[in-house]
Amino acid sequence: MDKQGFGGHYGLNVYPFKIDNSQTLDDAYKRPVEPDSIDLRLGSHFLFPRVPAQAAIDIRKKSSQSDISVHVPNGDQLILAAHQTVLGVTLEFLKMPYDVSGQILTKSSIARTFMVIETAPWVHPNYRGCLTLEIANVSNSALTLHPGMAIGQLILMQIEDPEPLDSLAGTYIGPIRPEAPLNLKRHTHETV
Amino acid sequence: MPVGIDQVRHDAASLYQFIDSIASDCQRIEQYPSYTKPSKLFFTYIHDLAFATKAYVADFVNSLDPASAVADPQDFYSRTQVIRTLRMSWFELHNWVKPALDADTLHFPFSLVKALTARLQSLAGFKNAEFAVLHSTQLNYFQIGARQFRDFAQEIGQIVPSAPPFPSNLGIIALPYSQSSNTFLNIALAHEMGHFVFQERNEAARLTSYVLAEIQRAAAQPLANLDFVWSKDRVLQWCEEIYCDLFALWLIGPSFSFAFIELFAYSRLAPRATQSGGTLAPIASLSAFYDSHPAPAFRLGEHVRFLKSPDVDWWDKIESGTSHYLQLLSEAEALPQSIFGFSTSHQQSQQYQTDLNSITLRAFWGVMDRIRDAISSTFAGVSSESNLFKQLREPISEYLSYGVVPSRIVLEGNAITPSVAPVVNAAHLFYLEQLDTLINRIRGAQVECLDCRALWSERVEMWTSKALEDITA
């Protein structure tokens with residue numbers, strides 16, 4: 001897999017170029033690119049699920065479950081209590097080519113603190129947006145999250161016989177903040 | 001019954017409680033919600049002022065001699081009025097604390113404000129300028145004069161010697177609470193930053209001599225003193241508003257004009273019939289000057305004249321656009337000066353007032369060049385970035401049309417980080433003229449569907465905001 005096209009300065013886009021269906025990738029970006037993966041960093045926006053009043057959330061149904069949106073500016077930190085979960089987002093905006101899919105994995109240094117960042121790791125071809133991260137602190141201690149910290153690794157896979165798309169499709173197009181699952185249609189409270 | 005020490009103690013305790021109730025939220029600023037550094041600076045000021053005021057009140061009451069209340073009740077009453085004076089001062093602060101607390105970083109476009117502030121800091125003398133943002137319940141934008149706050153702090157300082165000074169270089173601007181997440185409309189904040197610069201540079205004092213000369217020239221006979229002052233005040237207020245418009249245009253480009261048109265819903269106005277049977281452009285219906293503001297149609301026409309000037313050189317880069325906002329701007333520029341009127345009244349005699357209004361308006365026309373000079377002096381050596389816009393508009397529009405944030409643009413194999421004005425103006429024009437291109441690329445979305453348009457307009461604003469966040473990181 002050609003690793004061109006991924007990188008950029010702090011907080012900048014990571015996306016293959018050109019932006020149409022061409023599979024040409026831009027090599028202008030110079031950022032942490034390992035031989036087999038690309039580092040992704042943590043963004044500044046988080047979405048905490050509220051503990052529901054009912055006994056359980058039926059994930060097949062629309063719910064009135066609320067989320068709490070939190071912004072943590074660069075230089076500040078978010079404390080995630082033991083066994084707490086939060087939706088986060090990558091600082092990088094990704095634009096995948098039509099012939100490449102990807103998988104995001106927790107960086108090993110993060111994983112060894114018993115933090116899991118992604119449980120739905122697949123990134124589809126043509127996806128564009130900041131990736132929503134399902135972050136879970138499965139350790140017995142509180143952990144601090146710092147926007148800008150390298151938190152995940154993106155691994156890319158070439159697709160054989162890809163079909164160029166003539167329109168954009170998908171459940172989530174172009175998000176820059178973490179997004180709650182659409183099937184739950186949760187309300188977002190924008191402050192604590 | 002004369003005022004005794006017990007009553008003063010009661011009033012002091014009440015003031016204590018009153019101050020606590022205003023300042024307590026400022027003391028609790030910890031982690032979430034988050035505030036920008038300038039907002040925190042404002043809260044720290046309130047907190048420190050509360051601390052100093054309470055300490056002063058405690059010392060003051062302890063120092064009172066109960067016997068003096070009996071010996072000289074009048075003097076005792078006068079001296080203890082300081083409690084009431086301080087309470088009145090805190091009435092004023094009460095107005096601003098909650099609006100500042102409401103404007104956390106999730107509730108105002110902090111990346112836009114940061115980007116505008118960074119541009120403003122490139123002006124000579126404004127390297128350290130910062131802005132705390134407040135929410136307003138009015139559907140309008142305004143600036144609270146830093147001088148007003150400094151004067152206020154000075155007044156309290158005359159009573160409370162340990163009162164902190166209001167932070168130098170801190171401006172305070174307000175936006176409508178309901179528009180806190182809107183990127184394009186909030187470009188109007190650039191105008192409010194202009195008020196801060198106008199006041200800090202003391203431009204009113206520089207313009208006053210020109211204004212006085214123009215009023216004298218416009219009046220056939222010397223005006224009564226009160227009328228002269230009234231006329232001068234009107235012209236100076238109009239000058240400040242025009243200065244702030246031109247300031248915003250230099251700071252961020254024609255995007256300010258688009259925000260102005262959208263904010264006041266000027267885009268769809270009916271043509272105006274004339275006495276000769278013809279019609280004037282729709283914008284002519286906005287030809288009335290107000291006490292505090294020039295006519296909207298005049299302001300928009302002046303925007304175009306300034307955008308055409310070699311200083312900023314924006315107009316030829318946007319004039320061929322298809323937006324009806326550009327059409328409106330062209331119509332405003334073409335309006336003759338004779339259609340503008342000013343019909344306020346502060347005199348009993350109608351004829352005299354008509355003459356005075358006419359003199360005031362003529363004096364304003366006479367001083368327009370001085371406003372442009374003041375703006376050129378303010379922005380000496382600072383580029384309008386219109387040439388960068390010309391270079392980057394097309395690629396930025398293309399990125400947006402594919403749903404990609406234009407934080408980095410690749411041009412002929414080279415990656416470029418665009419600056420603020422090109423991103424804002426290209427994105428704003430994309431929103432005005434090319435939204436259909438994006439919507440047509442989204443499976444299932446329809447250009448006729450208002451929900452779709454609103455959704456994808458919001459996405460374009462989000463991507464613009466993300467680009468500004470990345471550029472200014």
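Between which two elements of chain A does the loop that holds F114(A) lie? In this predicted model, F114(A) sits in the loop between α1 (108–111) and β7 (115–116) of chain A. The backbone there is worth a look, since F114(A) is not a glycine and yet has a positive phi of about 70°. Most residues other than glycine have a negative phi. F114(A) has 15 C-beta neighbours inside 10 Å and therefore counts as partly exposed.

N126(A) offers a second case, with a phi near 75°, again a positive value in a residue other than glycine. N126(A) is found in the loop between β8 and β9 (128–137) of chain A. Is N126(A) buried or exposed? With 23 other C-beta atoms within 10 Å, N126(A) is buried, because the cut-off for a buried residue is 20 or more.

These two loops belong to a chain of strands with one helix: chain A has 12 strands besides that helix. Read from the N terminus, the order of its elements is β-β-β-β-β-β-α-β-β-β-β-β-β. Of the 192 residues in chain A, 39% are buried. Among contacts in chain A with a separation of 6 or more, 76% are between residues 24 or more positions apart.

Strand pairing in chain A can be followed in some detail. Four strands form an open sheet in the order β1-β11-β6-β8, with antiparallel pairing. At its edges are β1 (38–41) and β8 (122–123) of chain A, each of which pairs on one side only. The partner of β1(A) is strand β11 (residues 150–158) of chain A, and four bridges hold this antiparallel pair. Within the pair, L40(A) is placed opposite G152(A) of β11(A).

Strand β2 (residues 45–49) of chain A gives another view of strand pairing. Four of the five residues of β2(A) are buried, so the strand is mostly covered. Antiparallel to β2(A) runs strand β3 (residues 66–71) of chain A, and five bridges join the two. Here L47(A) faces S69(A), which stands opposite in β3(A).

Attention now turns to chain B and to the nonpolar core. Which residues have the most contacts inside the largest nonpolar core? This core has 168 residues, and the ones with the most contacts inside it are I46(B), L116(B), L189(B), A190(B) and Y243(B). Helix α9 (residues 225–252) of chain B contributes the most to this core, giving 13 residues. The surroundings of L116(B) can be listed too: leaving aside residues up to four places away in sequence, L116(B) touches L189(B), A190(B), M193(B), L251(B) and I252(B).

Helix α1 (residues 5–27) of chain B completes the picture. This helix has 23 residues, and the distance from its first C-alpha to its last is 31 Å, close to the 33 Å expected at 1.5 Å a residue. Where does α1(B) bend? A bend of about 40° is found at S21(B). Buried positions in α1(B) are V8(B), A12(B), L15(B), I19(B), A23(B) and C26(B). The cover over the buried residues of α1(B) includes α2 (37–63) and α4 (73–102) of chain B.

Terms used. Residues are numbered from 1 along each chain as its sequence is written. Chains are lettered from A and ligands numbered from 1 in the order in which they are written. This is a predicted model: local features need pLDDT of at least 70, side-chain atom pairs count only at pLDDT 80 or more; totals for chains, interfaces and linings use all residues. A nonpolar core is a set of buried Ala, Val, Leu, Ile, Met, Phe, Trp, Tyr and Cys residues joined through C-beta atoms within 7 Å. A residue is buried if 20 or more other C-beta atoms lie within 10 Å of its own, exposed if 12 or fewer, and partly exposed in between; C-beta atoms are placed from the backbone. Two residues are in contact if their C-beta atoms, placed from the backbone, lie within 7 Å. The expected span of a helix is 1.5 Å times one less than its number of residues. The bend at a residue is the angle between axes fitted to the seven residues ending there and the seven starting there. Two strands pair if DSSP finds at least two bridges between them.
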